[in-house]
Amino acid sequence: MKRAFVSFLGALLALSPAAPLRAADTTVTISQGVDADTLNPLATTITPTFNVVQHVYERLADFGNGPGNYEPRLAVSWKRINPTTEEYKLRRNVTFSNGDPFTSADVRYTVDWIKNPANASKQTPYVRDIDRVETPDPYTVRFVSKTPTAIPPGLQNPLFIVDAKYFQARGNAYAGEHPVGTGPYVLREWKRDDQTVFDANPKWWGGKPKIDHVVFKPIPEAGARVAALRTGATDLITNVPPQYQIQLVGGTNTKLESTRSLRQLFIAFNTLQPGPQQNKLVRQAINYAVDVPAIVKNVLGGRGYEITSPIPPNYFGYDAAVPGYKHDLAKAKALLAKAGYADGKGISLVLNAPIGRYNRDREIAEAIAGQLQAAGIQTTVRPQEWVSYSDQLNRRALTPMYELGWNQPSADADGVITALFTSSAPLSCYGNPEIDKLADQARGELDVAKRKALYKQIATILHDDAPWIVMFQYEDLYATSKRLRWHPRGDEWIRAYEMSVT
Amino acid sequence: MSAYLVRRALGALWALIGVAIVVFLILHMTGDPASVMMPPEATKAEIEAFRHEQGFDRPLIVQFASFAVAAAQGDLGLSLRHQEPAMALALQRLPATALLASSAFLIVVLVGVPAGILSALRPRTWVDYVARVIALIGQSAPTYWIGLMLILFFAVRLGWFPASGIGDWHNLILPAATLGFFSTAKIMRLTRAAMLEVLAADYLRTARAKGLTFPRVTLWHGLRNALLPIVTQLGVELGTLLSGAIITETVFAWPGVGRLAVQAVFERDFPVVEAVVLIAATTFVLLNLVVDLLYAVLDPRIRYA
């Protein structure tokens, strides 16, 4: 209680404005919808938080452009030394901002921290495949995985390396709130839900970043975010609603930036629960009944890309030869009749959709329901708030159809296929022993060409068996001030150390 | 008087205990937060491990017992989302909300009450009509919309005030006006109605007949007697402003308790929800006590023993 009261008094004082940043320095202000939930990079799983902490902490390598491309950060090179072991050579002469040298012990500590049940980290799924981390010398680490995995286990997930000594000395709570990393910036102040201010780290191994100060100023309401940009209070805003496009393009000081997202939106059939969706013919009929290009055009204002396979073109494993479903009402009706539901008699479906989780999620579900009605399939949309939705999702209780979005920053087919189609995956409502076998095989296949062929085989089976309505990838919309030079990334990560201003 | 205060304090304590129990039970009835907290690809075993570490796999009665023991010592546990003491998190936000709410309250008192009096003194004139139309808008337009309109006009178009965030007094004007608008309208209507009733009373005619000045008649004899329902309502409004700034804080990116509460509810951060609700309940209980004590000041017939 005493501590609480002290923090109350502290917050009272904190209401007074902070010391201003030097006017001659370049400052970039970034406004996402939410603030970081924590500054401990090992305790979170959400992208807006990673966007903040990545300015202080670094990974072994960053996701590059395109699947399988990595930009070396704390690791300078890596190679596989046997099917289950990958060796990383670490960058030398790197120090944490408190002066502690960065060594392999920090990498091992980071993985062990996440694995330690006492820390109740939400990132345990990220290190699931890693059996242990070996440190033959201070600048070499070996990730030993339980089974062979084609994707380097040290790189596939946000694994930010923390200072082992500092964490052990100060404890999780303190170290979490007072970040010390090896990255391009150091923390100046963090006022929850108000602002997080970073100063360039002059001792960064990569040289001094072009932007002297980076400020994260969360603004939850989209209209207010747009207003803040227009008044010059911020330089970059995320999740721009399409209806604001005209104002921002026409603005004297604002411009739009957009990119094809790695996130796809799909409708899954729950084939594990009884109902007409267990019939392959019905699933195929529904696939023919849905007109994805019309949804992209009318519901998203054209800000989306139709895809035909759950492995999209910007992912490893994509194969253009795998066919998709083209909108064909006659075919849909014929298949439906063949399945025993002529003219849609005896079939009535529920389409579950989250509210406000993905851009236009509910409207998209309503459009699909409308299209299915046109094919004679009685469809009701059941929109739900995300918390209860995700709860049902985890219990595989959303049936017979549900809408979901999926973003895999590694841009590898494995992140889609294993997580969403294998029978033991918590988010899969599909069970097919053949897919289970092929997915496992592809995951461990180290030969790139063979691995690609396996994913083609998987995508072909999935096309025929139709456990999803494959739909589209979003076009992510950002808006920035005209002075900012920056290009958005498909994985929704925002890196100020790649920005410059004019 | 002191016996009365002791009685009220005990009553307040029971009320707070009741609130804590009800909130605890309602929150736990909605399931546990493990599935929302863990990343989507987490397996059942990983979710189960997190649940176990947080103690959500224990029987509800055991969970409640350990919650009650800790809560009695002022410890509501760590926020599941922020990994920090929940009560400290909520108290850190309280000054920002208190600043916003008290500024809005000032607007309510300084605009709502005089406008109501004016409206009652000049019924069915243009003054009355203008005030009543504004009150109608304030009572019917959603706070969310008013906030965005104020931002568009005063921040984007005129550039007089910042569009969002906390800082100096410039940052305070728009959110305080937005938050206070609804209550101002309510108080204005209530003041008008109360004043009209009092102005028609016999003792006011007597006051006028014995030649008292107009201000003395309306303010000293009129307003003072009309004040009782207004003060009651003002107490309720201040409580509402303090605990109901959720929408305003979201629209204006104001780092207060309301925004913390919304996020906590959405993510089932139980300890933080408990902390926020307890703070709100304590505020209401205290304000009610202050209002009751004020009665005695305003109306000498009321005495507490």
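The exercises below, each with a worked solution, concern a predicted model with chains A and B.

**Exercise 1. Describe the fold of chain B from its elements, its extent and its contacts.**

Begin with the secondary structure: chain B holds 13 helices and 0 strands, so its elements read from the N terminus as α-α-α-α-α-α-α-α-α-α-α-α-α. Next take the extent of the C-alpha trace, which spans about 85 × 60 × 30 Å along its principal axes. Then turn to burial, where 44% of the 305 residues of chain B count as buried. Finally, consider the contacts in chain B between residues at least 6 apart in sequence, of which 73% join residues at least 24 apart.

**Exercise 2. Determine how many residues each chain gives to the contact, and which elements of chain A take part with two or more residues.**

The count comes first: 44 residues of chain A and 52 residues of chain B make up the contact. On the side of chain A that touches chain B, the elements giving two or more residues are helix H1 (2-14), helix H5 (172-177), helix H6 (222-230) and helix H12 (386-394) of chain A. H1(A) supplies the largest share of that side, with 6 residues. Sorted by class, the side of chain A that touches chain B consists of 23 nonpolar, 10 polar and 11 charged residues.

**Exercise 3. Work out the strand order of the open sheet that contains S4, S5, S7 and S6 of chain A, and explain why one side of S4 and of S6 is left without a neighbour in the sheet.**

The 4 strands follow the order S4-S5-S7-S6 (chain A), with antiparallel pairing. Strand S4 (75-82) and strand S6 (130-137) of chain A stand at the edges, and because each has a single partner strand, one side of each has no neighbour in the sheet. From one strand to the next, the twist averages 20°. For a closer view of one pairing, take S6(A) and strand S7 (residues 140-145) of chain A, which are joined by 5 bridges in the antiparallel sense; here Val133(A) stands opposite Phe143(A) in S7(A). Helix H3 (residues 104-115) of chain A packs on this sheet, where it touches strand S5 (85-90), S6 and S7 of chain A, and its direction makes about 165° with that of S6(A).

**Exercise 4. Establish whether strand S16 (residues 401-406) of chain A is largely enclosed or left open, and identify the strands joined to S16(A).**

Burial settles the opening part: 5 of the 6 residues of S16(A) are buried, so this strand is largely enclosed by the rest of the structure. Strand S12 (residues 254-269) of chain A is joined to S16(A) by 6 bridges and runs antiparallel to it, with Phe266(A) opposite Leu404(A). Strand S14 (residues 348-354) of chain A is joined to S16(A) by 2 bridges and runs parallel to it, with Leu351(A) opposite Met401(A).

**Exercise 5. Explain why the buried residues of helix H10 (residues 329-338) of chain A lie on the same side of the helix.**

The buried residues of H10(A) are Ala332(A), Lys333(A), Leu335(A) and Leu336(A). Because they cover an arc of only 165° around the axis, they are placed on the same side of H10(A). What covers them includes helix H8 (280-289) of chain A. Just after H10(A), Gly340(A) takes a positive phi of about 100°.

**Exercise 6. Classify Gln457(A) as buried, partly exposed or exposed.**

Gln457(A) belongs to helix H15 (residues 448-465) of chain A. A residue needs 20 or more other C-beta atoms within 10 Å to be buried, and 12 or fewer make it exposed; Gln457(A) has 17 C-beta neighbours inside 10 Å and therefore counts as partly exposed. Its C-alpha atom is separated by 9.7 Å from that of Asp319(A), 138 residues apart along the chain.

Methods: Residues numbered from 1 in each chain as written. Chains lettered and ligands numbered in written order. Predicted model: local features only at pLDDT ≥ 70, side-chain atom pairs only at ≥ 80, totals over all residues. Contact = placed C-beta atoms within 7 Å. Nonpolar A, V, L, I, M, F, W, Y, C, P; charged D, E, K, R; others polar. Pairing = 2+ DSSP bridges. Arc of directions from axis to C-beta. Axes fitted to C-alpha atoms, helices over the stretch in contact; angles between N-to-C directions.
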